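Here's a quick walk through this structure, with an eye on what you'd check before setting up any calculation. Pull it up in your viewer and follow along.

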Amino acid sequence: MRVDLRRVRLSFCFIRISHLPRSLLVAPCRIGKEESEVMDLVFIFQGVGRNRALMSTDLPGAISRRSGKVRDIYDYGDGLLVVATDRISAFDSIMPNGIPDKGRVLNTLSAWWFEQTSYITENHMISVNPKDFPAVLRLYDDVLDGRAMWVRRAEVVQVECVVRGYLAGSGWKAYQQTGEVCGHKLPAGLHLADKLPEPIFTLATKAASGHDENISFDKMAEVIARQMGVSAQFAMTKICEPIRDKSLQLFNFASARAAEKGFLLCDTKFEFGWSKKTDQFVLADEIFTPDSSRWWDAAKYEPGKQQESFDKQYVRNYLESIGWNKEPPAPELPPNVVAETSRIYREALRRLTA
Ligand SMILES: Nc1ncnc2c1ncn2[C@@H]1O[C@H](COP(=O)(O)OP(=O)(O)OP(=O)(O)O)[C@@H](O)[C@H]1O
Ligand SMILES: [Mg+2]
């Protein structure tokens, strides 16, 4: 087995560095030591040049940090810094390979959509300009630029809000069995990838681990009432109904906007949260990215069959093709799968924002 000594050295330093005061982290650069050495301790990359993927970060000065499957989230007290890495997950496992530029695509697209949809609903974005991030991060502006978002902290509702405009994924499976999708009775005789008579709002629990489970609108009110310590009636009229209405408005806005660019928006997921600072519900997490949405190419749309989508479907297809049992650890992705997935994400950004 070949051991990458550079990585071993970095991992070793990592354990120690997270306990050091930030002055010590920043100081070596100021006194003339190689800046890149400090960068190596804070950012771990795979590959080089255009094929470089950001796998993890360890930024200084935060009160706390946690890592989702894709993002590293730092709490700086007066706000959160959400850093989109190039990690990719499929079937609930994080792949050992990163997808070059994926984090930049997700962050840039979210910022683009948050800006345009702020007239529909408040969102958590404060800034994507590194100059607005905490001063302790100034040294890292170049890497964080395009990949990080400074946001308002929110208590994220433990329910994922999904809007579906077409029949695909778990919606298609449910329809075949029951003729319904999450309590929405649909016309008989629909095919895979057919357009629905109108977009529908559906819900899933945000499971801490394992697979999300579809739930009804009443159950959503129950979950939120418990989480927020309010009555189910209050949760229903003051939280769930407004969230549903906003979600549908957002979906309709993005569908119309994307149609101008030759895209169909099949479905998408939102996360809303309660901001104590502003005493209101805000749209949090990410919005209309290829990770949270299924985008289809309108020119290639052909109902009745599986559509090619601008997201990690390519990775999922590869994993299915090799018969992976979907239990961790996930297998290594071959270079062509990584390169093609990276191309798909970049193309989604380029075409949508053109
Ligand atoms: N404004 C916000 N305040 C607090 N948490 C947020 C905010 N926006 C997003 N989050 C949370 O940050 C995390 C984003 O990281 P990422 O997308 O990598 O996680 P994930 O693996 O999809 O999340 P999870 O496993 O929690 O569903 C999510 O848990 C999301 O709920
Ligand atoms: Mg997420």
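Where does ligand 1 lie with respect to domain 1 (5-151) and domain 2 (155-311)? Ligand 1 lies between the two, because both domains give residues to the shell around it. Keep in mind that this is a predicted model.

**The ligand shell**

There are 17 residues around ligand 1, and those that come nearest are Gly68, Lys69, Val70, Arg71 and Ala284. Strand S4 (71-75) and strand S16 (263-275) are the elements that give two or more residues to this shell. As for chemistry, the shell around ligand 1 has seven charged residues, seven nonpolar ones and three polar ones.

**How far to trust it**

The protein chain has an average pLDDT of 89, and 89% of the residues score at least 70. Residues 1-32 are another story: pLDDT stays under 50 there, and the model has 23 contacts beyond four places in sequence for that stretch.

**Two helix pairs**

Here are the two packings side by side.

| Helix pair | Angle | Axis separation |
|---|---|---|
| H7 (residues 217-228) and H8 (residues 232-259) | about 105° | 8 Å |
| H9 (residues 313-321) and H10 (residues 335-353) | about 155° | 9 Å |

Take H7 and H8, which pack at an angle of about 105°. Angles of 65 to 115 degrees count as roughly perpendicular, so that is what H7 is to H8. On the H7 side, the contact is made by Phe217, Met220, Ala221, Glu222, Ile224, Ala225 and Met228, while H8 brings Ala232, Ala235, Met236, Ile239 and Cys240. Sorted by type, the contact of H7 with H8 has 11 nonpolar residues, one charged and no polar.

Now for H9 and H10, whose angle is about 155°. Anything over 145 counts as roughly antiparallel, so H9 runs roughly antiparallel to H10. Tyr314, Val315 and Tyr318 of H9 meet Val337, Glu340, Thr341 and Ile344 of H10 in this contact. The contact of H9 with H10 divides into five nonpolar residues, one polar and one charged.

**Backbone oddities**

Which two residues does a cis peptide bond join? They are proline 328 and proline 329, with omega at about 0°. Proline 329 sits in the loop between H9 and H10, the pair of helices just described.

Phenylalanine 91 is the other spot to look at: it isn't a glycine, yet its phi is positive, at about 50°. You'll find phenylalanine 91 in the loop between strand S6 (87-90) and strand S7 (93-98).

Key: Residues are numbered from 1 along each chain as its sequence is written. Chains are lettered from A and ligands numbered from 1 in the order in which they are written. This is a predicted model: local features need pLDDT of at least 70, side-chain atom pairs count only at pLDDT 80 or more; totals for chains, interfaces and linings use all residues. A residue is near a molecule or strand if its C-beta atom, placed from the backbone, lies within 6 Å of it. Helices (H or I, at least four residues) and strands (E, at least two) are DSSP runs, numbered from the N terminus. Ala, Val, Leu, Ile, Met, Phe, Trp, Tyr, Cys and Pro count as nonpolar, Asp, Glu, Lys and Arg as charged, and the others, Gly among them, as polar. Domain bounds come from an automatic or database domain assignment. pLDDT is the predictor's confidence in each residue, from 0 to 100. Two residues are in contact if their C-beta atoms, placed from the backbone, lie within 7 Å. Axes are lines fitted to C-alpha atoms, for helices over the stretch in contact, and angles run from 0 to 180 degrees between N-to-C directions. Angles under 35 degrees count as roughly parallel, over 145 as roughly antiparallel, 65 to 115 as roughly perpendicular and the rest as oblique.
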